[in-house]
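Hi,

Here is the structure I promised to pass on. Have a look at it first, and my notes on what turned up are underneath.

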Amino acid sequence: MKILCVAGARPNFMKIAPILKALDHYPEQVETILLHTGQHYDFRMSQVFLDQLEIRKPDVFLNAGSGSHARQTSQIMVEFETVVQNLQPDLVLVVGDVNSTAACALVTKKTGIRLAHVEAGLRSFDRTMPEEINRLVTDAITDIFYTTSEEAGRQLLKEGHHAEDIIMAGNCMIDTLRKLEKKADQSSILTTLDLKAGEYALLTLHRPSNVDDRLILGGIADALAHIASHLPVVCPLHPRTKKKLGEFGLLDRLDRLENFVQIEPEGYLGFVKLMKNARFVITDSGGLQEETTVLGIPCLTLRNNTERPETITQGTNILAGIQKDDIIREAGNILRGKIKKGRIPKYWDGRAAERIAEHLISL
């Protein structure tokens, strides 16, 4: 069976890496082709991840680059259609919820090829999120659904999909985390940044709804300034976030804070070391909600909703919202020792990719 595996943005790589490794155990049954759409075109956000996750050189690179959602999605669709027509795979496997996922899913189904979606069934129920649209579009036309949680499976059933097509596989991002955790422990990032374990907060911020709105981003910056008065806040600034902070006149203000530590986008290993040793994490990322839950690190999510409810009901995640006072309050609770205890959800055990591979070769 010829399987075309699609990745394109930074979060995809952590999910696709263990799947490729698992499928490599079945060389007589499966031929895998790795396609990189190039949605993340910055070396620090793409190639360094390929290297650290030990992902082989992509067989196909589309070099889609940046642009509006429509431009990027259409560019990927045009290029991907040619690839599919030339390679004629038996199945296309997409992961996550980025533009590459939806674009390649649409082309796959319109060319009559079976489609598998890893991380299917996640819903924030917020259609202002581009990722939510990508999830809905992809799952509407998917043939095989690999889910990370029982809640995701229930959601797919509600949407009319058949139980026999839904496979509770677990979380491939956690496969990668567990595999490389010890290697990440060897990173010298804390020494380089002069940080002590448990004595800093780690921040990531990239969601357009947060960084493209001057009032929202200003309120978040106010909250960060307050938190930084208590302990260092380490922030590997996403290029989009850095640009918007500059446009809104907020970057200089944050840089003047003694405890605001701005760093360049960090590779996977260094970032895991920072996350694992943080007092708490502040983020609007989906994946970090999952990783902090497994690591037992308190996580404040700067959103009003999440497509990963198990990180709240079972894990260490708290929806802090996007208002300054709410963020300050939740951070204050953690600083006063009010720590949310969590547990690791079912099948987040480092073997999700094995279950996916075993199912694929049984088709």
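Let me begin with a strand pair: S8 (residues 201-203) and S11 run parallel and are joined over three bridges. Helices and strands here are DSSP runs, H or I of at least four residues for a helix and E of at least two for a strand, numbered from the N terminus; two strands pair if DSSP finds at least two bridges between them. Before going further, the ground rules: this is a predicted model, with local features needing pLDDT of at least 70 and side-chain atom pairs counted only at pLDDT 80 or more, while totals for chains, interfaces and linings use all residues. Residues are numbered from 1 along each chain as its sequence is written, and side-chain values use heavy atoms, with hydrogens and water left out.

Back to S11, which covers residues 280-283. Its Ile282 is the bridge partner of Leu203, and Ile282 also stands opposite Leu300 in S12. S11 and S12 (residues 299-301) pair in the parallel sense, again over three bridges. Both faces of S11 are covered, with Phe280 and Ile282 buried on one side and Val281 and Thr283 buried on the other (buried is under 20% relative accessible area, exposed over 50%, partly exposed in between, with a 1.4 Å probe and protein chains only). Add helix H14 (residues 286-295) and you get a right-handed β-α-β unit, S11-H14-S12; right-handed means that, with the strands pointing away from the viewer, the path from the first strand over the helix to the second runs clockwise.

There is also an open sheet of seven strands, ordered S3-S2-S1-S4-S5-S6-S7, with parallel pairing. S3 (60-61) and S7 (166-168) are at its edges with a single partner strand each, so one side of each has no neighbour in the sheet. Within this sheet, S5 (residues 114-118) and S6 (residues 144-147) pair over three bridges, and His117 stands opposite Phe145 in S6.

One loop residue caught my eye: Pro89, between helix H3 (69-87) and strand S4 (91-95). Why does Pro89 count as buried? Because its relative accessibility is 6%. Leaving aside neighbours within four places in sequence, Pro89 is in contact (heavy atoms within 4.5 Å) with Lys2, Leu4, Val84 and Ile113. Pro89 and Cys5 are 84 residues apart in sequence, with 9.9 Å between their C-alpha atoms.

Now the empty space. On a 1 Å grid over the protein atoms alone, a cavity is a set of points where a 1.4 Å probe fits but cannot get out, and a pocket is an open set with protein on both sides within 12 Å along at least five of seven lines; lining residues have an atom within 4 Å of a point. There are three cavities of 30 Å³ or more, and the largest holds about 50 Å³. Its lining has 10 nonpolar, one polar and no charged residues, including Leu203, Cys235, Thr241 and Phe260. Helix H10 (214-228) gives the largest share of that lining, three residues.

The second largest pocket holds about 210 Å³. Of its 14 lining residues, Pro18, Lys21, Asp175, Lys179 and Gly350 lie nearest its centre. Helices H1 (10-23), H7 (172-185) and H17 (352-361) are the elements giving two or more residues to this lining.

Cheers

Key:
Points joined across faces, edges and corners; volume = space filled by probe spheres on them. Nonpolar A, V, L, I, M, F, W, Y, C, P; charged D, E, K, R; others polar.
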